[in-house]
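Let's take a walk through this protein, one stop at a time. Keep the viewer open and click along as you read.

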Amino acid sequence: MFDKFFNYLSYYKWWKNLDKLILSLIVIFLLIGLFFSLVSTSLIASDKLETNSYFFFFKHFIFVAIGLIIIFILSYIEVKTLYTISIYIFLITLILLFLVPIIGVEIKGSKRWLDLLILPRIQPIEFVKPFFIIMIALIISNKKLPNLTLKFIFSFLLTSLIISFLVMQPDLGQTILIAFSWASLIFVSGINLIFLLSISIVGIISFLYVAFYIPKFEYIKNRLLSFFDTETGTYNFQSDKAIESINSGGFFGKGIGEGTLKNRVPEAHTDYIISVISEEFGVIMIMLILIIFLVFIYLIFKKVENETNDTVKLILVGSASLILLQAIIHIGVNIRLFPTTGMTLPFLSYGGSSIVSVSILSGIILNLTKRKV
């Protein structure tokens, strides 16, 4: 009887201290993603797979349900427990990421996925990203390392290790995302700008050398050249169709189910979901989604402003930056501001690994933004 009472009291405290507005926006995002998964994948399932027209939607629904459970667990546990389990999970996911080039599943020339007995077709980098943010924050805010430069070096070595695994796949989009997330964390932690600028220059030079002089990564060079030379480029088909769809949708869209991009471009429901939405529901819907994203990020940064714990500050900034950067890259690719990278839109794009990843980030954010008692 007393156990039930204390459990109820524990859940009540969790709910009472939770930031309801941030939680509401997360749930709204997931529901919007479910809706667009339904309208953007039903024809794909029925026409190409000759199966239930709601096949992809049901899969997406299951992952959203799993994501909500993850959000609850990570937002409920104690902060110290969160840090402890994050270290262990990060090490496990890092091993999985290392195994991708060795035993991974190759799709369209890239090995980014693992087929495991328990977890079929997972993308390990999606699980690495949330815990990578925590690891970098723990390194930078570690009181046992008083030398700030040494902390940056350790964090840089860890980031370089992850990037090296991504380069072997290869995965350009996630490499850029990891690099920028690390840069945003060390920037807000007070790094010397000359040091950061030097690392950035070295990183850019290294990237260009790999892209233009190592045969294995010739596809990166071709994508860059195609991006800057739209007339002769051979990698612009998806981007061109995405732009056409956005233009044809206009301000209010063609109407639900009237879009054609989802049938003309492979993986439109993942990498080009924003164009699919724009074609059927118009630019006004994209503007609404962007406003929700900006309000979500603003609320997180508002919490950072009132936070006194350096580790919590860094994790919140890193988590918000990761979500924002990924959204910017996805939208930028869709409107042909950036070369094609194969980046999903957080919360909205179809994909189990992506949904679980952003759910982990959401749980971490909700845990660290709870009201202190």
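**Starting from a loop phenylalanine**

Find phenylalanine 347 in the loop between H15 and H16. Is Phe347 buried or exposed? Phe347 counts as buried, because its relative accessibility is 1%, and the cut-off for buried is under 20%. Now look at the backbone there: phi of Phe347 is near 75°, a positive value in a residue other than glycine. For context, most residues other than glycine have a negative phi.

What does Phe347 touch, once you skip its neighbours within four places in sequence? The list runs through Ile26, Phe29, Leu30 and Gly33, then Phe293 and Phe296, then Ile323, and finally Ile355, Val358 and Ser362. Phe347 is also one of the residues with the most contacts inside the largest nonpolar core, along with Phe90, Phe132, Ile162 and Phe296. That core has 92 residues. As a rule of thumb, nonpolar side chains tend to be buried together in soluble globular proteins.

Before going further, a word on what you are looking at. This is a predicted model, and the protein averages a pLDDT of 81, with 81% of the residues scoring at least 70. Among the elements, H5 has the highest mean pLDDT, at 93, and helix H11 (residues 261-264) has the lowest, at 61. Over residues 45-49 pLDDT stays under 50, although the model has 13 contacts for them beyond four places in sequence. Where pLDDT is low, the predicted coordinates should not be read in detail.

Stepping back, the protein has 16 helices and two strands. Of its 373 residues, 49% are buried. How much of the contact network links distant parts of the sequence? Among contacts with a separation of 6 or more, 69% are between residues 24 or more positions apart.

Isoleucine 32 gives you an example of that kind of reach. You'll find Ile32 in helix H2 (residues 20-48). Ile32 counts as buried because its relative accessibility, 19%, falls under the 20% cut-off. Leaving out residues up to four places away in sequence, Ile32 touches Ile292 and Leu348. The C-alpha atoms of Ile32 and Ser349 are separated by 9.9 Å, with their positions 317 residues apart along the chain.

Aspartate 171 is another stop worth making. Asp171 sits in the loop between helix H6 (148-168) and helix H7 (172-188). Despite being charged by residue type, Asp171 is buried, since its relative accessible area is 3%. Asp171 and Thr341 are 170 residues apart along the chain, and their C-alpha atoms are separated by 8.0 Å.

For a contrast in exposure, go to tyrosine 298 in helix H14 (residues 283-305). Tyr298 is exposed because its relative accessible area is 51%, and the cut-off for exposed is over 50%. From Tyr298 to Ala320 you travel 22 residues in sequence and 9.0 Å in space, C-alpha to C-alpha.

Phenylalanine 251 falls between those categories. Phe251 lies in the loop between helix H10 (237-249) and H11, and it counts as partly exposed because its relative accessibility is 44%. Beyond its neighbours within four places in sequence, Phe251 is in contact with Phe281, Gly282, Val283, Ile284 and Met287. Phe251 and Ser278 are 27 residues apart in sequence, and 8.3 Å apart in space from C-alpha to C-alpha.

Finally, look for the empty space inside. The count comes to two cavities of 30 Å³ or more, and the largest has a volume of about 70 Å³. Which residues line the largest cavity? They are Glu126, Lys129, Leu322, Ile323, Gln326, Pro346, Ser354, Ser357, Val358 and Leu361. Ile323 and Val358 should ring a bell, as both are contacts of Phe347.

Helix H5 (124-140), helix H15 (310-334) and helix H16 (352-368) each supply at least two residues of that lining. H16 gives the largest share, four residues. By type, the lining of the largest cavity divides into five nonpolar, three polar and two charged residues.

Conventions: Residues numbered from 1 in each chain as written. Predicted model: local features only at pLDDT ≥ 70, side-chain atom pairs only at ≥ 80, totals over all residues. Heavy atoms only, no water. 1 Å grid on protein atoms, 1.4 Å probe; cavity = no way out; pocket = protein on both sides within 12 Å on 5 of 7 lines; lining within 4 Å. Points joined across faces, edges and corners; volume = space filled by probe spheres on them. pLDDT = per-residue confidence, 0-100. Contact = heavy atoms within 4.5 Å. Core = buried A, V, L, I, M, F, W, Y, C linked by side-chain atoms within 4.5 Å. Buried < 20%, exposed > 50% of the residue type's maximum accessible area, 1.4 Å probe, protein only.
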